[in-house]
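Here are some comments to read alongside the structure, arranged as numbered points. Please keep the structure open while you go through them.

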Amino acid sequence: MTADKGAVSTFESVEVNLKDRFIATVIAWVLPGAGHFYQGRHGKAILFMTCILGLFIFGMTTGGGKVVYASLNTEGRKLAMICQAGVGALVFPAWLQMVHVEILHKQEPLLQGFMAPPRNFNPSSRDELAEWHYDFHFKYEVGTLFTMIAGLLNILAVYDAAYGPVFVTPHSTKMEPSSDNDWLQEV
Amino acid sequence: MINSFLFANFLSLRLWYALPLVVAISLVYAATRHELMVPILQHAWRMAVGIVGFMSIVFVILFLLEWKFL
């Protein structure tokens, strides 16, 4: 008997050369899709790069470029920071700005304020975070969500670069004893 | 009277922001389950349909609740 044609997947007899897993994992995290390019899996590399970078850039654009920043002072920011960190090098400027502004206590951020945390920790200064929310309305939240999900999706891509795809077992294929009980028969 | 906040949201196209999310999540998740492109696209399509279907059911339930009780 044949397996159910509507099953999710069948086994794919594909040889996957993961090369050096450590290198693939690191560069897959640093730049989405780069680990798969290193492994020669170009189709999946383009897919991951397009989807994850596209989602991240779309989120950044939607939120006016203000949705990605790292801050130790802004309340409730840590979850977004952790999720966005999944996209690797794209958030390095945010970490640099956090060190520059909040740890080294420099007055002016680098890179003309690109990915800099909002300046709302000084009571005498204006509340930049509130201004961003006011300027972009719901798009600020949507942009933050998109960039967080892009980071989480890249974690899946990193896992795929490290260990290969998690093939889905066809659930409709079961082995049962045949009528004469001397061998297994596929049903 | 049908004067739904959900319906207004739909008309103002805010729900369209879900489209890139659905596409990206479906493709990336499917790509972690297969190696070849055809099974990836097939799995992604089924997953996208499932997500949209689930969202539609939730939308209808919320719409009916709002229409019935508000």
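**Notes on a helix, a chain and a contact**

1. Just after α5(A), the residue His105(A) takes a positive phi of about 60°. Please keep in mind, here and below, that this is a predicted model.

2. The helix before that residue, α5 of chain A, covers residues 92-103, and at 1.5 Å a residue its 12 residues should span 16 Å, which agrees with the 16 Å that separates its end C-alpha atoms.

3. Which residues of α5(A) are buried? They are Ala94(A), Gln97(A), Met98(A) and Val101(A). Because these residues cover an arc of only 105° around the axis, they lie on the same side of α5(A).

4. Turning to the other chain, chain B has three helices and zero strands, so that its elements, followed from the N terminus on, run α-α-α. Chain B has 70 residues, of which 20% count as buried.

5. How many residues does each chain bring to the contact? Chain A gives 26 residues, and chain B gives 17 residues. On the side of chain A that touches chain B, the elements that give two or more residues are α3 (42-62) and α7 (138-163) of chain A, and α3(A) gives the most, with nine residues.

6. As for the character of that side of chain A, the residues that touch chain B divide into 20 nonpolar, three polar and three charged.

Key. Residues numbered from 1 in each chain as written. Chains lettered and ligands numbered in written order. Predicted model: local features only at pLDDT ≥ 70, side-chain atom pairs only at ≥ 80, totals over all residues. Helix = DSSP H or I, 4+ residues; strand = E, 2+ residues; numbered from the N terminus. Expected span 1.5 Å × (residues − 1). Buried ≥ 20, exposed ≤ 12 C-beta atoms within 10 Å, placed from the backbone. Arc of directions from axis to C-beta. Contact = placed C-beta atoms within 7 Å. Nonpolar A, V, L, I, M, F, W, Y, C, P; charged D, E, K, R; others polar.
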